[in-house]
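Please look over the sequence and the fold shown here before reading on. The paragraphs that follow move from one helix to the packing of the interior, and then to the spaces left open within it.

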Amino acid sequence: MSEYIERRREGHVLVMRIARPDKKNALTVDMYEALADGLAEARENLDIRAVVLLGSEGTFCAGNDIQDFLSRPPRGDDAPVNRYLVELARATVPIVAGVDGNAVGIGTTMLLHCDLVLVTARASLRLPFVGLGIVPEAGSTLLLPKIMGHARAAELVLLGDAFDGARAVELGIANHVVAPETLESDVMDLAERLASQPPGAMRETKRLLKGDTDQLQAVIAEEVRIFSAQLHSAEAREAFTAFMEKRKPDFSNLG
Ligand code: COA
């Protein structure tokens, strides 16, 4: 359990909110565990017909909590972050996300597994993995080129520049830009519409749209393997230390 993941039921909809705004909703081990548990419940409990993922006003998720990541690095397939990724990839009911403000790292890659994504114009998405000395995760090295083609995926992950909500829609990561004031009600409306459809047809159609997930699971596992190895590299250490020390990283002496 984590006090920073609020979980509630609204009819057939499971709503999960990342609520740690003072740390920009960065995710700790306990938060991953709570998110993974919520998705596992949605997979097992047929009464749940849609899942909603929300952040806080002005911040969706700043990715892995860097401090927590360094002190408790993920180990093994059953590490909470890995469990969360696997649950996202094998979700059986539609997931609707609402994104306002920052969505960094896994804050962006988790959206690739959602079925409908609403963003605000001031949403700021970013895939900073390479600059942090690590590699993208959540199957994003497979999903990004599939969604937008290699050239655009390469630009996002190799340069790691931030992009806004309108660009996320152009790139096919999000469906629509909505006003911050209506984001949550718009997301809930969509989720309730999905949850009111015939549940069997909904599950089967989601499964067909997602296609064979074996390749995706294999890519997630391969990314985890390289990510974990890179995490112990000198370049990652420099990048993470620089973030904690609020300075620019210096990779000039690294081979
Ligand atoms: N891990 C740990 N702490 C984080 C964090 C993260 N990923 N992202 C933000 N925080 C913390 C900051 O250290 C700061 O803590 P403090 O108030 O104790 O100093 C607090 O959250 C506010 O962050 P700040 O950077 O001051 O906010 P901002 O509005 O200027 O910038 C972001 C917001 C998200 C752009 C910026 O915090 C950021 O780039 N975070 C890192 C994102 C990242 O690289 N994630 C991938 C990790 S694999």
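In this predicted model, a good place to begin is helix α6, whose face turned away from its buried side carries the exposed residues A151, L158 and L159. The buried residues of the helix are A153, A154, L156 and V157, and, seen down the axis of α6, these fall within an arc of 165°, so they line one face of the helix. That buried set packs against α5, against the strand β9, residues 163-164, and against α7, residues 165-171. Just after α6 comes G160, a residue with a positive phi, near 70°.

Helix α3 presents another picture, being mostly covered, with 8 of its 10 residues buried. The buried residues are P80, V81, N82, Y84, L85, E87, L88 and A89, a list in which N82 and E87 appear beside nonpolar residues such as V81 and L85. They pack against two strands, β3 (50-54) and β5 (95-99), and against the helices α1, α4 and α10.

One of those partners, the helix α4, spans residues 106-109 and contains T108. Is T108 buried or exposed? Its relative accessibility is 0%, and because buried means under 20%, T108 counts as buried. Leaving aside residues up to four places away in sequence, T108 touches A103, L125, R126 and L127.

From these elements one can turn to the interior as a whole. In soluble globular proteins, nonpolar side chains tend to be buried together. Here the largest nonpolar core has 63 residues, and those with the most contacts inside it are L27, V51, L53, Y84, M110, L111 and I173. Helix α1, residues 29-44, supplies the largest share of this core, namely 7 residues. A second, separate core holds 15 residues, among them V13, V96, L194 and A195. To see the surroundings of a single core residue, consider L53, which touches M16, L35, F60, Y84, I95, V96, A97, G98, M110 and C114 when residues up to four places away in sequence are not counted. Two of these neighbours, Y84 and M110, are themselves listed with L53 among the residues with the most contacts inside the largest core, and Y84 is also one of the buried residues of α3.

The open spaces complete the picture, beginning with the pockets. The largest pocket holds about 850 Å³ of space. It is lined by 35 residues, of which A62, N64, I66, R126 and F243 are the closest to its centre; R126 is also one of the residues that T108 touches. Two or more lining residues come from each of α2 (66-71), β6 (102-104), α6 (150-159) and α11 (234-244), and α11 gives the largest share, 5 residues. By class, the lining consists of 20 nonpolar, 7 polar and 8 charged residues.

The second largest pocket contains about 630 Å³ of space. Its lining has 31 residues, and the closest to the centre are L112, C114, D115, L209 and K210; C114 appears as well among the contacts of L53. The elements α3 (80-89), β7 (116-119), α5 (140-148), α9 (199-210) and α10 (214-231) each give two or more residues to this lining, with α9 giving the most, 5 residues. Here the lining divides into 18 nonpolar, 7 polar and 6 charged residues.

What, finally, does a search for cavities find across the whole structure? There are 3 cavities of 30 Å³ or more, and the largest has about 90 Å³ of space. The residues that line this largest cavity are N64, F69, P74, V81, N82, L85, I106, E137, V224, F227 and S228, and two or more of them come from each of α3 and α10. N64 thus has a place in this lining and also among the residues closest to the centre of the largest pocket. The lining of the largest cavity has 7 nonpolar, 3 polar and 1 charged residues. For the second largest cavity, the volume is about 40 Å³, and the lining is formed by R49, V93, L194, Q197, P198, P199, M202 and R203. Of these, α9 gives the most, with 3 residues, while L194 is also a member of the second core.

How values were computed. Residues numbered from 1 in each chain as written. Predicted model: local features only at pLDDT ≥ 70, side-chain atom pairs only at ≥ 80, totals over all residues. Heavy atoms only, no water. Core = buried A, V, L, I, M, F, W, Y, C linked by side-chain atoms within 4.5 Å. Buried < 20%, exposed > 50% of the residue type's maximum accessible area, 1.4 Å probe, protein only. Helix = DSSP H or I, 4+ residues; strand = E, 2+ residues; numbered from the N terminus. Contact = heavy atoms within 4.5 Å. 1 Å grid on protein atoms, 1.4 Å probe; cavity = no way out; pocket = protein on both sides within 12 Å on 5 of 7 lines; lining within 4 Å. Points joined across faces, edges and corners; volume = space filled by probe spheres on them. Arc of directions from axis to C-beta.
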